[in-house]
Every structure is written in C-alpha cells, then in structure tokens.
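Here are my notes on this model. Please read them with the structure open.

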Amino acid sequence: MSEPMPPAANPPPPASQSPAPFRLGLWLPLILFAGLFGLFVHGLMRPGQTTVASAFVGNPLPQFDLPPAAADRPGLATGAFRTGRPKLLNVFASWCVPCAAEAPQLAALARAGVEVDGVAIHDRREDLTRFLASNGNPYAAIGRDDARVVQLAIGSSGVPETYVIDGRGVIRYQHIGDIRASDVPMLLDKLNAAATPGGGS
Amino acid sequence: MIRLLAAALLGMLALVSPVLAQESVAPAPYAYRQLADPEQEARAKALMITLRCVMCQSQSIADSDAPIAGDMRSEVRQRIARGEDPEHIRQWLIARYGDFVSYTPQVKPITWPLFAAPVVILLLAALLLRGRFARTPPAGEGDRA
C-alpha cells in the first residue's frame, strides 16, 4: 500500500489498454471523507443530550443531615430512609418553575400513601413558605441544601428531580424533570418494585 | 420606540425573576473564593478546568457561571483543602455523573482507539516517510520537491 504516486510529468509507459487497476491509495481519502461526513451528519442530526442521568442509582444514599428548610417540617437525614418503607426524595426549589408544575402530582402521590421528602436547593425560608402556601405541601420533611452538597452527592444535576429510595436507603430510580400526571402510575410501580427486596432493577 | 423597548425589557426581566431569586441566596462558600493556600488553589484550578458543568455542559466548572458550577467548585476546593487527591475527586464525580463530567478521557475499554490513534498515525507516518527517503532519486533530473 501507500506506493507514492509517480510524478505527473513522468507517466509510466502504458503496459496495455486495459482499465487501470483499483488503487486503494487513490480512493482512501475519498472513503475516509465519506466516512467522516456520515459520522458528522449523524452527530448533527441526532437530538442533543440535555439531561445528565445520575450514575449513582443502585447505590445507598450518602450520609447527610440537613437542617430544616421550612418552619413546620423537620430537616432531613439519611436515617429517615432506613425505615423499611420506600419513599420519594424530591429535589426542588421555590425558584424553580417546573417544581410548581409538578406539585399537584406530588400531592397525588402523597394522597396515595407515599411519603415524600424534599431537599430544597438554594432556598430562603420566606420564599419556600410562600411556595408551599400556594402550591401545597406534600413533604413529610424538607432539608435545606444551600450548597447543593446532597444534590451533588446523589448525582442530581438540576431541579426538579425525584428519586425512589427503598426501605434500606438505596437509590432505586431517578426521575429527571417535573412529574407529569402520566408519570404518577409509573412512579407508584417503581415504589412497589422497591418495596420487594431484590425486585425491580 | 424606546418606550416599546423598555416595556419589552421589563417583560423579559419579569420572566427571568425566578433565576434572579436563585442568585439572591448566598453562594456556596468556595464558589467564588479561592483557597488561601496558592499551591492548593492551583491544584483545585487544574482539576476544575477538566470538569464539565452538568448544567451548561459545554463549559468547565472553572469557566461556568451557572449556580451549580459554583457549588461544584466549592465542593472541589473544600475537598482539596482537606487534602483529597484530585484524581480521587474526579472519580467521586464520575461515580455520580458518569464519564460525561470529566473532560479528561478515562482509560477504559471503550476509549482505547483514542489512545491507540496517535501511535497508529505515527507508525503510518514512519512507514510513508521510509518509502519517501529510502528511494534514491535518479541523478540529474526529477524530484525537485
């Protein structure tokens, strides 16, 4: 391969009149170009990845002990998730618009008997009080995470995110973005799966 | 016209107010503050420019002004200050956000072409050059480059 092309001024004597044999060296650049072109077109056409899924699903929650974020709810510590019953951990904030949009769905889950615990990100007590007053308060406990210590420790990259935690404190599922009405049965399924040890994924 | 522009600007401000509210809470302790020890800060900085902000995604956490990038800087700086190894911090983040969070590619089965490519290209170049230089040009004419 890679025999250098003879100088154009000095062509080899034509041995015969048959068509020139296929020369890989000649075609390789075009083949490479076509391959790269296809790769780039594929990359450009594919919708961009906008969410970062947590790689921490399947691991036990890290140790944390957050102070209360609201006046009438306790803070949140890891121990609250070792009760033997699966729970939802909702990462939210009063300044987050989709968090208000998912509030009715969280309320429906709480009415269905699910315990929902919250982690409030970069929030002020008065803002949070106003948020809970206007959107309802489905939370059993709300921890105040001013530096996103817990959020980073569980691989959450934004608000809102909702985690299914099983009764031993292991993260079983991560839901990114607001909970739509159509997500509620799915989350109940995930909670049921988390209730049976070894069940689900 | 100007009044119209001002009205539009006010409308936009109203839309971004939730974001402003987020800024009104004090940032994490080391989001915008360097470590006192310059040697430690240099180590933190070297690590932070190779970590991707999970919110803005095309900037390192050293470059990004997203609130979560500030919190990630604070986390990195505090861990460095506690004497944690920078690579250990990188692995801690990769365990939570996947390889995506690190701009420095990790040596893994899926990344071997990345590390093999320079060697392959160098070998190919050596072969080509050998072909060029081994041939002695015919005396007198040709090969004027």
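1. Chain A first. This is a predicted model, and in it chain A has six helices and seven strands. Read from the N terminus, the order of elements in chain A is α-β-β-β-α-α-β-α-β-α-β-β-α. A helix thus opens the chain and a helix closes it. Three strands follow the opening helix in a row.

2. Packing and contact order. Chain A has 201 residues, and 37% of them are buried. Take the contacts in chain A between residues at least 6 apart in sequence: 73% of these join residues at least 24 apart.

3. A cis peptide. Please look at the bond between A:V159 and A:P160. The peptide there is cis, with omega at about -5 degrees. A:P160 sits in a loop of chain A, between α5 (149-153) and β6 (161-165).

4. Positive phi at A:H122. This residue is not a glycine, yet its phi is positive, at about 45 degrees. Where does A:H122 lie? It is in the loop of chain A that runs between β4 (116-121) and α4 (125-135). Is A:H122 buried or exposed? It counts as buried because it has 28 C-beta neighbours inside 10 Å, and the cut-off for buried is 20 or more.

5. Positive phi at A:R148. Here is another non-glycine residue with a positive phi, this one about 55 degrees. A:R148 belongs to the loop between β5 (139-145) and α5 of chain A. It has 24 C-beta neighbours inside 10 Å, so A:R148 counts as buried. When you check the backbone, please view A:H122, with phi of about 45 degrees, and A:R148, with phi of about 55 degrees, in turn.

6. The contact between the chains. How many residues does each chain give? Chain B contributes 24 residues and chain A contributes 23 residues. On the side of chain B that touches chain A, the elements giving two or more residues are α1 (2-24), α3 (67-81), α4 (86-97) and α5 (112-134) of chain B. Each of these elements is a helix. Which element supplies the largest share of that side? It is α3(B), with six residues.

7. Character of the chain B side. Sorted by class, the residues of chain B that touch chain A are 15 nonpolar, five polar and four charged. Nonpolar residues are therefore the most numerous class on this side, with Ala, Val, Leu and Ile among the types counted as nonpolar.

Definitions and conventions. Residues are numbered from 1 along each chain as its sequence is written. Chains are lettered from A and ligands numbered from 1 in the order in which they are written. This is a predicted model: local features need pLDDT of at least 70, side-chain atom pairs count only at pLDDT 80 or more; totals for chains, interfaces and linings use all residues. Two residues are in contact if their C-beta atoms, placed from the backbone, lie within 7 Å. Helices (H or I, at least four residues) and strands (E, at least two) are DSSP runs, numbered from the N terminus. A residue is buried if 20 or more other C-beta atoms lie within 10 Å of its own, exposed if 12 or fewer, and partly exposed in between; C-beta atoms are placed from the backbone.
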